[in-house]
Amino acid sequence: RFVRATAAWIEGATEQTALWDIGAVLSTTADTAGNDLMRDVLLQLPPGYDNLFGPPHHPTHP
């Protein structure tokens, strides 16, 4: 539903282009936020929204 609403809001967008746009923004957000904050954010979102943030981010082990 979020992707459909975003596509409707962006002039000329399709669901596919909206999905790409959402992914570009949210994956950058996830990279910037870090694993701890992203875990907290994702726990507050409905199931399936984690896919919008790009591939899973795992903590780097030394």
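Of the 62 residues of the protein, 16% count as buried, and this description rests on a predicted model. The secondary structure comes to 3 helices and 0 strands, with the elements running α-α-α from the N terminus on. The protein exposes about 5,000 Å², of which carbon and sulfur atoms supply 61%. Among contacts between residues at least 6 apart in sequence, 37% join residues at least 24 apart.

**How H1 and H2 meet**

- Helix H1, which covers residues 2-9, and helix H2, which covers residues 15-33, have axes that come within 8 Å and cross at roughly 100°.
- That crossing angle makes H1 roughly perpendicular to H2, because angles of 65 to 115 degrees count as roughly perpendicular.
- On the side of H1, the residues that take part in the contact are Phe2, Val3, Arg4, Thr6 and Ala7, and on the side of H2 they meet Glu15, Ala18, Leu19 and Ile22.
- Sorted by character, the residues of this contact of H1 with H2 divide into 6 nonpolar, 1 polar and 2 charged.

**The two sides of H1**

- The buried residues in H1 are Val3, Thr6 and Ala7, and seen down the axis of H1 they fall within an arc of 100°, so they line one face of the helix.
- An α-helix has 3.6 residues a turn, so residues three or four places apart point the same way.
- The buried residues of H1 pack against H2, whereas the face of H1 turned away from its buried side carries the exposed residues Ala8 and Trp9.

**Thr6 in the contact**

- Thr6 lies in helix H1 and has a relative accessible area of 15%, and it counts as buried because that value is under the cut-off of 20%.
- Once its neighbours within four places in sequence are left aside, Thr6 is in contact with Ala18 and Ile22, and both of these residues also appear on the H2 side of the contact between the two helices.

**Positions along H2**

- Asp21 is found in helix H2 and is partly exposed, with a relative accessible area of 29%, a value that falls in between the limits of 20% for buried and 50% for exposed.
- Asp21 and Val3 are 18 residues apart in sequence, and their C-alpha atoms are 9.7 Å apart in space; Val3 is one of the buried residues in H1.
- Leu26, also found in helix H2, is in contact with Leu52 and Phe53 when its neighbours within four places in sequence are left aside.
- From C-alpha to C-alpha, Leu26 and Asp50 are 9.6 Å apart in space, with a separation of 24 residues in sequence.
- Asp31, a further residue of helix H2, is exposed, with a relative accessible area of 54%.
- Asp31 and Gly54 are 23 residues apart in sequence and 9.6 Å apart in space, again taken from C-alpha to C-alpha.

Key: Residues numbered from 1 in each chain as written. Predicted model: local features only at pLDDT ≥ 70, side-chain atom pairs only at ≥ 80, totals over all residues. Heavy atoms only, no water. Axes fitted to C-alpha atoms, helices over the stretch in contact; angles between N-to-C directions. Helix = DSSP H or I, 4+ residues; strand = E, 2+ residues; numbered from the N terminus. Parallel < 35°, antiparallel > 145°, perpendicular 65-115°, else oblique. Contact = heavy atoms within 4.5 Å. Nonpolar A, V, L, I, M, F, W, Y, C, P; charged D, E, K, R; others polar. Buried < 20%, exposed > 50% of the residue type's maximum accessible area, 1.4 Å probe, protein only. Arc of directions from axis to C-beta. Areas by Shrake-Rupley, 256 points an atom, 1.4 Å probe, with all protein chains shown as cover.
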